[in-house]
Amino acid sequence: FKDIKMINKPMDEAWVINKDNNEISDYLKMKQEFEKDNSHFYLIDQKRYFIKKINENGLEYYVPHTASEFTNALCHLRCDEKSFVSMWFLDSTKLSYNNFTFDLKMTKHSNYLNLWTGFEILKSKPLENTELLFENWDRYMNVISGNDTLVKDYMNYWIATIMKTPWNPNIVMLLLQSNIQGSGKSTLGLALAAIMGDNSYYQSSQGFSGLFPKDGFTYHLKNCFIYNADEVDGSDSRQNIANLKQFLTTKTISINEKGKCAYDISNKINVIGTSNGLNPMPIGEGDRRILPIEISEELVGNVDFWNNFYNNILGNKEACRSLFDYYCSFDLSKWNSKIIPQTSLKNILREASKDPIEDIIIEQQEFLKDMIVTPSTVLQLLNLINKGLEKRKLLTKNSVQIGIILSKNTFFKKLFTRKHTKTGNVFLTNPDTYNTLFECQLDGKDIL
């Protein structure tokens, strides 16, 4: 991923059009070479001049110049013993772009210079013989999909979406879980980084907090296509979990760099979570944004496989290019990312994520259905909830504290509405929810 920087610095280099010949007698030929697609020289809006350079990391950046600086930098280019640049300045047909653009779709913009030229891997050639490559890659995909064909198919299309339509990130997060180190769960992010470029990948050892840092600085996300939340263990804040679900579908994100004004960019980030924990994160009954996958452990300790995988696939540009071409060949027109395969891990996490108070209230259906709402029966209900919490070995609360907890509990609020009065808080039954759940007829006027 190209890191485009607009910086000023003194001229200190001589630029050449052709290493073998800086002087061409034919002006039109020289102009064609000067303005070709991979040129280093750009005129923007007829008055801003830029020269493209490449830093020590192989990243491109554009240096702005005045007309005189531009002329001095290219004064060695001669055409019929005349200054080529002087002739070019007077040419009414010279190429000048209206402005820069950054378009991942690579749409043909009318006279705009697109700074996005595709992933770096496109500069590499594919392997001539890919049989062994895809044999090993398929084995790896079987392992990280838990040997589930539906999950494996979904993951392949998930990857293909990143490669083929990088402007359209996945709205579902992959959550890869294994109780044992060395199963390969973190390797998926590294493999995608090898294919798409290291600058496209960011790994955080602090779960999802890297997406929502407390200090507010998000500069590490500006080039990011893959965010890997490593070591997700359930300790992440509820606010981060709630923000994550919104993040997966948001169209733009704010980039805040130190010493600069914040700015918005298109959201192109795909999220992967990896965990060794038994309960990495809460998942609700209707959660449609997370695909939890329990990884197979069959490759744990297989040194020969992993050495070959890292050296001959992740460390081989030609192999990575072949994988890129493979995923770009997928037909995404009929794939619906919202149709997520059900996994056993998802069911386990749903059970583990259930609200204990909801469970206790459901257990008391008979009592609640026949309950005549009085201060005495309200106290009975609170005591039943208290005993249910004790039975589950959860923190015991007295009746007053239980009332406060219930007033904030999502499920309880579906049954009862809290209202403030001069004499204190009261609860009115919500007849639609209450009647449906407990098969009774309440009018909503009963007061707890």
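User: Before we look at this predicted model, what does contact mean when a helix is said to lie across strands?

Analyst: Contact means that heavy atoms come within 4.5 Å. In this predicted model, helix α5, residues 149-164, lies across β8, β10 (226-229), β13 and β14, and runs at about 135° to β13.

User: What makes β9 and β14 edge strands?

Analyst: The open sheet has five strands in the order β9-β10-β13-β8-β14, with parallel pairing. Strands β9 (201-204) and β14 (290-294) each pair on one side only, and they are the edge strands.

User: How do you know that β8 and β13 count as a pair?

Analyst: Two strands pair if at least two bridges are found between them. Strand β8 (residues 173-177) and strand β13 (residues 270-275) have four bridges in the parallel sense, and therefore they count as paired. Within this pair, Gln177 stands opposite Ser275 in β13.

User: Why is Lys31 called buried?

Analyst: Lys31, which has its place in helix α1 (residues 27-34), has a relative accessible area of 10%. Buried means under 20%, so Lys31 is called buried.

User: What makes the link between Lys31 and Thr93 a polar contact?

Analyst: The side chains of Lys31 and Thr93 are joined at 2.7 Å, and the cut-off for such a pair of N or O atoms is within 3.5 Å.

User: Why is Cys224 called buried, and why is Cys75 called partly exposed?

Analyst: Cys224 has 1% relative accessibility, and because buried means under 20%, Cys224 counts as buried. Cys75 has a relative accessible area of 45%, which lies between the cut-offs of 20% and 50%, so Cys75 is partly exposed.

Conventions. Residues numbered from 1 in each chain as written. Predicted model: local features only at pLDDT ≥ 70, side-chain atom pairs only at ≥ 80, totals over all residues. Heavy atoms only, no water. Helix = DSSP H or I, 4+ residues; strand = E, 2+ residues; numbered from the N terminus. Axes fitted to C-alpha atoms, helices over the stretch in contact; angles between N-to-C directions. Buried < 20%, exposed > 50% of the residue type's maximum accessible area, 1.4 Å probe, protein only. Polar contact = N/O pair within 3.5 Å; in protein donor to acceptor, adjacent residues only side chain to side chain.
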